[in-house]
Number of protein chains: 2
Amino acid sequence: MSQSISAQELRHRIRRGEHTGNTSGFAPGFVQGNLCILPRDWANEFLQFCQLNPKPCPLVGMAANPGEYRLPSLGADLDIRTDIPSYRIFRDGKLVEEVTDIRSQWRDDLVTFVLGCSFSFEEALLADGLEVRNVTEGVNVPMYRTNIACQGAGRFSGSMVVSMRPMKAADAIRAVQICTRFPSVHGAPVHLGDPQLIGVADINRPDFGDAVTIQPGELPVFWACGVTPQVALEQARPPFCITHSPGCMLVTDLPNSRLAVM
Amino acid sequence: MSQSISAQELRHRIRRGEHTGNTSGFAPGFVQGNLCILPRDWANEFLQFCQLNPKPCPLVGMAANPGEYRLPSLGADLDIRTDIPSYRIFRDGKLVEEVTDIRSQWRDDLVTFVLGCSFSFEEALLADGLEVRNVTEGVNVPMYRTNIACQGAGRFSGSMVVSMRPMKAADAIRAVQICTRFPSVHGAPVHLGDPQLIGVADINRPDFGDAVTIQPGELPVFWACGVTPQVALEQARPPFCITHSPGCMLVTDLPNSRLAVM
């Protein structure tokens with residue numbers, strides 16, 4: 001299947017069960033998002049958690065009302081119950097099922113959140129001629145738990161998870177400039193240089209994803225990561241929660257360039 | 001004397017010989033510039049050198065014609081022959097005299113260049129709440145010769161000189177964002193982290209200015225520096241050249257904020 005089909009066509013294939021895997025590299029140029037669906041009585045606290053921690057939890061969309069499964073601002077015909085290749089169902093904070101359609105689990109009290117993801121800024125870095133090591137090496141980006149505390153909101157709290165891409169200093173400076181334009185997909189890096197200063201003990205042993213090569217003369221550059229809210233969700237243990245499966249994102253009709261604040 | 005007098009009033013005091021020293025900290029909020037005056041037959045090559053190396057040599061003003069000693073874009077009544085506290089006269093690349101007035105040396109073939117200086121971005125960093133170590137410690141910023149080659153233009157060439165301010169990583173990232181807004185005062189840093197990667201052997205022994213304290217957990221952050229064109233001038237050895245004396249800058253009527261590109 002061509003990777004250059006439109007975002008809408010890709011969603012239709014996903015809806016028909018013809019695309020069930022990773023969305024990385026598909027519908028280039030369009031925003032892909034992390035999904036989080038929570039019952040109404042947990043949604044306000046999660047919304048507040050996102051607002052207090054915009055770098056790891058940048059909201060790019062939210063359903064207008066509980067029970068609403070359409071998000072027209074992200075795609076005219078989008079149906080959040082069918083348009084993601086793989087969903088994870090959590091009960092009391094534990095993963096209980098992985099499914100390709102959540103129409104049978106849908107409830108009138110469910111509130112849908114879509115958070116920005118690093119695919120958008122990686123595309124901007126690559127377009128500028130920078131190397132993105134995890135793309136070069138064809139692996140998942142390495143991610144680490146840090147000692148940077150998120151601001152708590154009700155039952156949601158935790159420390160920030162970061163992703164890491166090694167770069168030469170001049171490229172890291174350019175990456176700060178590029179990513180600053182995209183605050184809704186994690187924005188500028190939160191740290192660079194010595195990993196221990198943010199509580200990362202061993203850069204070669206990420207907590208999530210895969211290790212990547214760090215060349216001599218490169219600095220590790222750390223971005224706030226969308227795994228942060230997932231960790232906060234696991235700790236908060238809501239009775240019911242639905243997320244996307246890793247790498248199986250919501251593909252929207254929003255051009256990445258539309259997220260640029262200038 | 002109050003440091004908060006207007007830029008124009010400061011220039012008048014300088015013109016009357018009442019202020020002959022450093023301009024650092026005076027007329028806060030207004031652009032101060034590096035001065036370079038060259039004979040017409042050297043001016044085009046110097047202009048090209050500045051255009052090819054905008055980070056170390058950012059032009060904020062240039063006289064409209066040879067012999068012109070007024071620069072109305074930088075100050076309505078500005079007279080470049082009298083409005084700088086101390087001038088350095090170079091013959092064949094050698095410093096021969098330091099004077100407070102160059103009316104007797106003025107010639108019809110002299111072309112005036114004004115280059116942005118770090119005072120403007122240091123003010124923006126301080127206004128944002130960042131610490132600028134050389135300001136805290138009350139010393140000149142440390143500057144270093146690097147192995148970063150400038151692009152040559154005619155008789156002008158050389159390697160880049162950089163200034164260094166140590167910062168925690170998060171502050172360095174913020175400094176990149178702030179300084180990116182000010183390309184005409186050296187713009188974003190050119191390097192951060194390991195000094196040896198840009199040919200700086202001993203961070204505690206600057207080639208110009210004074211060493212500053214680097215705290216544990218801080219990165220050295222390096223900016224292109226206005227000493228670069230002075231080094232290029234010394235190497236090119238034009239028969240005649242006038243610059244300001246270090247720290248004795250041209251104070252303009254241009255607000256620093258006017259240099260922000262956004």
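Let me begin with a single pair: A:Arg155 and A:Glu45 form a salt bridge, with their closest N and O atoms 2.9 Å apart. Please bear in mind that this is a predicted model.

To place that pair, consider how the chain is divided. Domain 1 of chain A covers 7-118 + 237-259, and domain 2 covers 121-229. Glu45 of chain A therefore lies on the domain 1 side and Arg155 of chain A on the domain 2 side, by the assigned bounds. Between domain 1 of chain A and domain 2 of chain A, the count is one salt bridge. Polar contacts add to the picture: 10 residue pairs across this interface meet the rule, both residues being at pLDDT 80 or more.

Which elements of domain 1 give two or more residues to the side that touches domain 2 of chain A? They are β1 (30-39), α2 (40-52) and β5 (110-116) of chain A. Of these, α2(A) provides the largest share, seven residues. By residue class, this side of domain 1 of chain A comprises 13 nonpolar, seven polar and three charged residues.

I turn now to the overall extent. The centres of the two domains of chain A, taken over C-alpha atoms, are 22 Å apart. Domain 1 of chain A brings 23 residues to the contact, and domain 2 of chain A brings 28 residues. Together the two domains of chain A bury about 2,200 Å², with 60% of that on carbon and sulfur atoms. On the domain 1 side, the most area is lost by A:Phe49, A:Lys55 and A:Ser118, which together account for 31% of what that side buries.

Thank you for your attention.

Technical notes
Residues numbered from 1 in each chain as written. Chains lettered and ligands numbered in written order. Predicted model: local features only at pLDDT ≥ 70, side-chain atom pairs only at ≥ 80, totals over all residues. Heavy atoms only, no water. Contact = heavy atoms within 4.5 Å. Buried area = accessible area lost by both parts, 1.4 Å probe. Salt bridge = Lys/Arg side-chain N within 4 Å of Asp/Glu carboxyl O. Polar contact = N/O pair within 3.5 Å; in protein donor to acceptor, adjacent residues only side chain to side chain. Helix = DSSP H or I, 4+ residues; strand = E, 2+ residues; numbered from the N terminus. Nonpolar A, V, L, I, M, F, W, Y, C, P; charged D, E, K, R; others polar.
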